[in-house]
Amino acid sequence: MVPNITPEQKSQLERDGYFLLENVFAPEEMAELAQVVEDFERRMHEALVAKGGTEGISRAGEITFTDHIAERDERVREFCLRPEFVKITTELLGPDVDLYWNQTVFKHPEGEKVFPWHQDDGYTAVDPSPYITLWLALNDATPENGCISVLPGSYKRGLVEHQPSPIGLVCHDNDDPDQGVQVPVKAGGIAVFWSLTMHKSGPNRSQGMRKAYVIQYAKSPLRYKESGEEIKDLIPVARNGRPAAEALATA
């Protein structure tokens, strides 16, 4: 369902740096997409193990990340170009949009570790910023299984200093009295937030996997902030407010 972003949701994004879009996709669609990305993840893991590689900040049995799926799987690429995403991104970012980053984030059951507070820009600073993160729930994300939390209004601070840790970059202490607000998301719903919005995810104390697909879209063209170099080979999503494939075909 192509969503209608309400004035109230736009006001919340301006004020708090996030809002929730519910029922964008049917749970059955999410189960199908989950199977596609799980098959992809398994193939990549097997290939990595065969080469003797490591998996970055993924932690076996706790949390796993698989990135650049749309660039390597046609079915996922087509999903990321759907009209729902063209509508959301052009309404929030403007007429020219590219797919910047995409990754699965699977939290394994019965874990006790959080993924720490961070800003997505903290990993790679880009210009223009902020871009938009669409945190898509492949199954229900709940407080029990490790839904995200956000720190309302934190994006207004700009990019803050991040400290390295064994489980990713950290920009806000888990012991700080202000732990933001939890954002449960039903399967097929999307937590929408700016790349400068501080967020974390809690432990998965349930007996099932928490499955999310994180899709990030940015204004085109996009550059590395430090060098000014344009980021090449991004997937075009929209041009002149229209689906990129359609717009470029008639250019």
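Here are four short exercises on this predicted model, each with a worked solution.

Before you start: residues are numbered from 1 along each chain as its sequence is written. In this predicted model, local features need pLDDT of at least 70, side-chain atom pairs count only at pLDDT 80 or more, totals for chains, interfaces and linings use all residues, and side-chain values use heavy atoms, with hydrogens and water left out.

**Exercise 1.** Find the residues over which pLDDT stays under 50.

*Solution.* Start with the score itself: pLDDT is the predictor's confidence in each residue, from 0 to 100. The chain averages 92, and 93% of the residues score at least 70. Then look at residues 53-58, where pLDDT stays under 50. For that stretch the model has 11 contacts beyond four places in sequence (a contact means heavy atoms within 4.5 Å).

**Exercise 2.** Work out the strand order of the open sheet and name its edge strands.

*Solution.* Strands are DSSP runs (E, at least two residues), and helices are runs of H or I with at least four, both numbered from the N terminus. Two strands pair if DSSP finds at least two bridges between them. Following the pairs, you get β4-β10-β7-β8, with antiparallel pairing. The edges are β4 (115-118) and β8 (181-183), each pairing on one side only. Now zoom in on β4: 2 bridges join it to β10 (residues 199-201), and F115 stands opposite S201 there.

**Exercise 3.** Decide whether R210 is buried or exposed, and find the backbone oxygens that its side chain reaches.

*Solution.* First, place R210: it's in strand β11 (residues 210-219). Next, check accessibility: buried means under 20% relative accessible area, exposed over 50%, partly exposed in between (1.4 Å probe, protein chains only). R210 has 1% relative accessibility, so it counts as buried. Now look for polar partners, meaning N or O atoms within 3.5 Å, one able to donate a hydrogen and the other to accept it; residues adjacent in sequence count only if both atoms are side-chain atoms. The R210 side chain reaches the backbone oxygen of V105 at 3.1 Å and has a polar atom 2.6 Å from the backbone oxygen of G146. Other residues that R210 touches include W135, N139 and S201.

**Exercise 4.** Find the members of the largest nonpolar core that touch the most other members.

*Solution.* A nonpolar core is a set of buried Ala, Val, Leu, Ile, Met, Phe, Trp, Tyr and Cys residues joined through side-chain atoms within 4.5 Å. The largest has 40 residues, and the best-connected are F79, L136, L138, I190, Y213, I215 and Y217. Helix α2 (residues 27-51) gives the largest share, 6 residues. Apart from this core lies another, of 17 residues, among them V105 and C147.
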